[in-house]
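Please look through the structure below with some patience, moving from the whole chain to its parts. The paragraphs that follow it will lead you along.

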Amino acid sequence: MTAIKAAITGVHGYVPDYVLTNAELETMVDTNDEWITTRTGIKERRILKGENQGSSHMGAKAVEGLLKKTNTNPLDVELIICCTTTPDFVFPATANLISDMVGAKNAFSYDVQAACSGFLFSMSTAAQFIETGRYKKVIVVGADKMSSIVDYQDRTTCIIFGDGAGAVLLEPTTEQGYGLQDFVLKSDGSGVQYLVQKSGGSRRPPSIETVTNREHFIHQEGAAVFKFAVTNMADVAAEVMERNHLTADDISWLCPHQANLRIISATSQRMGIGEEKVMINIHKYGNTTDATLPLALWDYESKLKKGDNIIFAAFGGGFTWGAAYMKWAYDGKPSV
Ligand code: UT7
């Protein structure tokens with residue numbers, strides 16, 4: 001019997017209209033376009049400005065577009081996994097809110113929290129449900145309103161992050177060699193001090209003190225995270241290639257987490273692949289945390305061909321990191 005694998009059969013994204021440029025950031029903190037561009041590759045990012053709108057707003061827009069594009073009846077969706085680092089509420093799960101907003105009344109839904117590796121962790125989890133043969137339509141949606149936890153007085157972090165969401169539909173395939181073939185996922189909780197929102201959770205609930213100390217914003221020790229990312233994201237990408245006997249020539253695309261152009265370049269160099277095979281959209285959106293991978297797929301979808309070998313790679317707070325190998329299952333259509 002041919003094994004069932006999970007294939008992505010559609011992708012859609014959503015970014016809010018407001019564009020926060022490097023020029024505008026220059027008016028907010030002591031920075032400049034030249035520094036941001038050379039150190040990160042970022043030119044602009046999107047910001048969700050609407051009142052009373054959280055990550056679910058963007059996640060639901062991405063899922064609605066995905067359902068329409070793939071002609072999927074929301075009532076046929078069986079599971080929605082949302083990866084987010086900026087949930088609307090501590091509870092209930094943002095995935096539950098999104099399910100309701102898109103009319104996926106028959107789906108069960110839950111969140112996955114693995115910071116910037118969330119999409120890889122979620123997609124790998126979703127694939128397990130499909131590989132059992134029991135689930136046929138699973139959506140993974142990455143959505144983050146990073147602007148809700150960015151300190152716009154901290155020049156080392158506010159230049160990096162942006163808001164956005166991206167969603168994929170996963171369905172079973174028995175076509176030999178297609179779909180998600182392999183993944184390597186890793187976690188190391190000793191990295192907590194380098195990238196963390198210190199307060200607002202159960203260890204340090206909100207108080208006047210936590211607000212005064214600006215502890216509800218992202219705390220990042222950039223250089224330490226950078227060093228960790230460069231080594232580990234490249235390591236897992238190389239590991240997944242070796243395990244699957246893939247050489248650089250076999251790889252059609254690298255779909256990397258968009259955190260810093262220099263980290264992306266280090267990873268592609270380690271894999272031995274040229275820049276023309278690397279999905280890059282960090283200049284437009286910055287680091288949208290859980291949304292970077294699906295947004296990159298969305299941007300490059302029209303270029304993807306059935307049979308393309310794609311390596312995904314990500315890392316994030318925790319630390320968490322991972323890589324995955326997927327053989328793309330359809331000829332890309334122009335993004336709408
Ligand atoms: O997905 C989430 C994971 N997070 C990341 O991937 C972030 C990983 N880290 C990075 O991308 C980089 O470390 C940063 C972009 C955050 C910083 O770049 P860097 O090359 O590591 O710079 P640095 O922190 O070593 O700072 C170099 C200099 C410092 O000045 P001095 O001490 O050399 O005088 C900083 O104060 O750059 C200064 N600096 C800035 N200057 C202008 C830091 N931020 C800025 C800024 N504009 N925005």
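Where does the ligand lie, and why? The shell around the ligand takes residues from both domain 1 (5-173) and domain 2 (179-327), so the ligand lies between them; the domain bounds come from an automatic or database domain assignment. This is a predicted model, in which local features need pLDDT of at least 70 and side-chain atom pairs count only at pLDDT 80 or more, while totals for chains, interfaces and linings use all residues. Residues are numbered from 1 along each chain as its sequence is written.

The ligand is surrounded by 18 residues, of which the closest are Thr31, Gly222, Phe226, Ala259 and Asn260 (a residue is near a molecule if its C-beta atom, placed from the backbone, lies within 6 Å of it). Helix 8 (222-243) is among the helices that each supply at least two residues of this shell, and its five residues are the largest share. Helices here are DSSP runs (H or I, at least four residues), as strands are (E, at least two), numbered from the N terminus.

Turning to the two domains themselves, their C-alpha centres lie 14 Å apart, and 48 residues of domain 1 are in contact with 43 residues of domain 2, where contact requires C-beta atoms, placed from the backbone, within 7 Å.

Within domain 1, helix 4 (residues 94-102) is mostly covered, with seven of its nine residues buried (20 or more other C-beta atoms, placed from the backbone, within 10 Å of a residue's own). Among the elements covering these buried residues are helix 3 (55-69) and strand 5 (108-112), and helix 4 is followed by Gly103, whose phi is positive, near 75°.

Notes: Buried ≥ 20, exposed ≤ 12 C-beta atoms within 10 Å, placed from the backbone. Contact = placed C-beta atoms within 7 Å.
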